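Please load the model in a viewer and keep the selection tool at hand. The tour proceeds by selections, each followed by a description of what is found there.

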Amino acid sequence: MERRNHSSLAEFVFLGFPKVGHVRGWLFALLLLAYLFTFCGNLLTFLAIRLNAALHTPMYHFVSILSLLELWYTATTIPSMLANLLREKKTISFAGCLLQTYFFHSLGASECYLLTAMAYDRYLAICQPLHYPAVMTPTLCGKLAAGCWTCGFLCPISEVILVSQLPFCGYNEIQHIFCDFPPLLSLACKDTSTNVLVDFAINAFIILITFLFIMVSYGRIISAVLKIKTAEGRKKAFSTCASHLTVVLIFFGSIIFMYVRLKKSYSLTLDRTLAVVYSVLTPLVNPIIYSLRNKELIKAIKRTICQKSGRAHH
């Protein structure tokens, strides 16, 4: 087989969802509906919080940032997945593949940091309620959000640079539904143990450290809530954390198994399934989890929809 280096490799070919056959149309419709619901749900959540002064609190500030983050996060992968379901030749350029991988991991890392900041916010609100207004100021909220985005976009740079310098052979089929580090490494013509080790170190640091911080925060939150004497007080305190904790468990549960490992891949079917969970399912359920458990947010979303429809009639 002719060997070509990365500079001469023009494009990759996605295998995507193999053996879908006659159900391809149904899969496209289902994925499109999921994307539209995700887009509209997160956009409505973001607008409802931003346009309603009553929701201009630290907790809702972080929820709005999370919704904005999910809009960009899904935009990096789902549109290309939809296009590949319609096209016979599912190709992406080498540069395009690296860009998709970079933005997907940057936004994913930003979400890890943001969920950690949200856990810290809930810890302060429940465990140190008297100091909360003085500590969690709008300035600190802005700095925490900016720090989450900045750190997230810096994290994958070294991984992308290392992958961009790998030599690739003539075989260019990506056995995944979008570009990612593990399937790219499997196509390289040289030993990628250094890349795997670097990926593991960076992912373990980002994912495990943030997850540990969140769990420690919730350990202290649960301890503080259990000390509340009234059942109504305990229920109210837990209700402010339940939505965030649900999102954390779904998101981290899938990405820990996918990225914190020293092997290139376990099962292709398992990898694709996990990819659907953290790239499609988690952004889809976020607005459902936050809105259905929050009466204030539901009212704000309804007011926002009514205001928009009223302006449209005028």
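A residue is called buried when its relative accessible area is under 20%, exposed when that value is over 50%, and partly exposed in between. The model is predicted, and all values quoted along the way are computed from it.

**First stop: Lys 90.** Select Lys 90, which sits in the loop that runs between α3 (78-86) and β2 (91-93). Is Lys 90 buried or exposed? Lys 90 counts as buried because its relative accessibility is 13%, and the limit for that class is under 20%. Next, display the residues around Lys 90. Setting aside neighbours within four places in sequence, Lys 90 is in contact with Phe 12, Val 13, Phe 14, Arg 24 and Asn 84.

**Second stop: Gln 175.** Keep Val 13, one of the contacts of Lys 90, on display and add Gln 175. Gln 175 belongs to the loop between β3 (173-174) and α8 (181-185). With a relative accessibility of 29%, Gln 175 counts as partly exposed. A distance drawn between the C-alpha atoms of Gln 175 and Val 13 gives 8.7 Å, although 162 residues separate the two in sequence.

**Third stop: Pro 182.** Move along to helix α8, where Pro 182 is placed. Pro 182 is buried, since its relative accessible area is 15%. Now select Asn 195 as well: the C-alpha atoms of Pro 182 and Asn 195 are 9.6 Å apart, with the two positions 13 residues apart along the chain as the stated separation.

**Fourth stop: Leu 197.** Select helix α9 (residues 193-226), in which Leu 197 is found. Leu 197 counts as exposed because its relative accessibility is 52%. Adding Arg 261 shows a further pair: Leu 197 and Arg 261 are 64 residues apart in sequence, and their C-alpha atoms are 9.1 Å apart in space.

**Fifth stop: the salt bridge.** Select Asp 121 and Arg 122 and show their side chains. Side chains of opposite charge can pair when their charged atoms come close. The side chains of Arg 122 and Asp 121 meet in a salt bridge, with an N to O distance of 3.0 Å. How many salt bridges does the structure hold? The count is 1. Both partners, Arg 122 and Asp 121, are buried.

**Sixth stop: a nonpolar patch.** Switch to a surface representation and select Leu 154, Ile 157 and Ile 161. These residues form a nonpolar patch on the surface, and together they have about 260 Å² of accessible area. Leu 154 lies in helix α6 (residues 138-154), and its relative accessibility of 53% is why Leu 154 counts as exposed.

**Seventh stop: a positive patch.** With the surface still displayed, select Lys 235, Lys 295, Lys 299, Lys 302 and Arg 303, which form a positive surface patch. Which helix supplies the largest share of this patch? Helix α12 (residues 295-313) does, with 4 residues. Arg 303 is placed in helix α12 and counts as partly exposed, since its relative accessibility is 38%.

**Last stop: the whole chain.** Finally, clear the selections and view the protein chain as a whole. Its secondary structure comprises 12 helices and 3 strands. Of its 314 residues, 46% are buried. Among contacts between residues at least 6 apart in sequence, 81% join residues at least 24 apart. The chain exposes about 15,600 Å², of which carbon and sulfur atoms supply 69%.

Terms used
Residues are numbered from 1 along each chain as its sequence is written. This is a predicted model: local features need pLDDT of at least 70, side-chain atom pairs count only at pLDDT 80 or more; totals for chains, interfaces and linings use all residues. Side-chain values use heavy atoms; hydrogens and water are left out. Helices (H or I, at least four residues) and strands (E, at least two) are DSSP runs, numbered from the N terminus. Buried means under 20% relative accessible area, exposed over 50%, partly exposed in between (1.4 Å probe, protein chains only). Contact means heavy atoms within 4.5 Å. Patches are made of residues with over 30% relative accessible area and no salt bridge: like charges are joined within 9 Å, nonpolar side chains (Val, Leu, Ile, Met, Phe, Trp, Tyr) within 5 Å. Accessible areas come from the Shrake-Rupley method with a 1.4 Å probe; for residues, only the protein chains shown count as cover. A salt bridge is a side-chain nitrogen of Lys or Arg within 4 Å of a carboxyl oxygen of Asp or Glu. Lys and Arg count as positive and Asp and Glu as negative; His and the chain ends are not counted. The place of a charge is taken as NZ of Lys, CZ of Arg, CG of Asp or CD of Glu.
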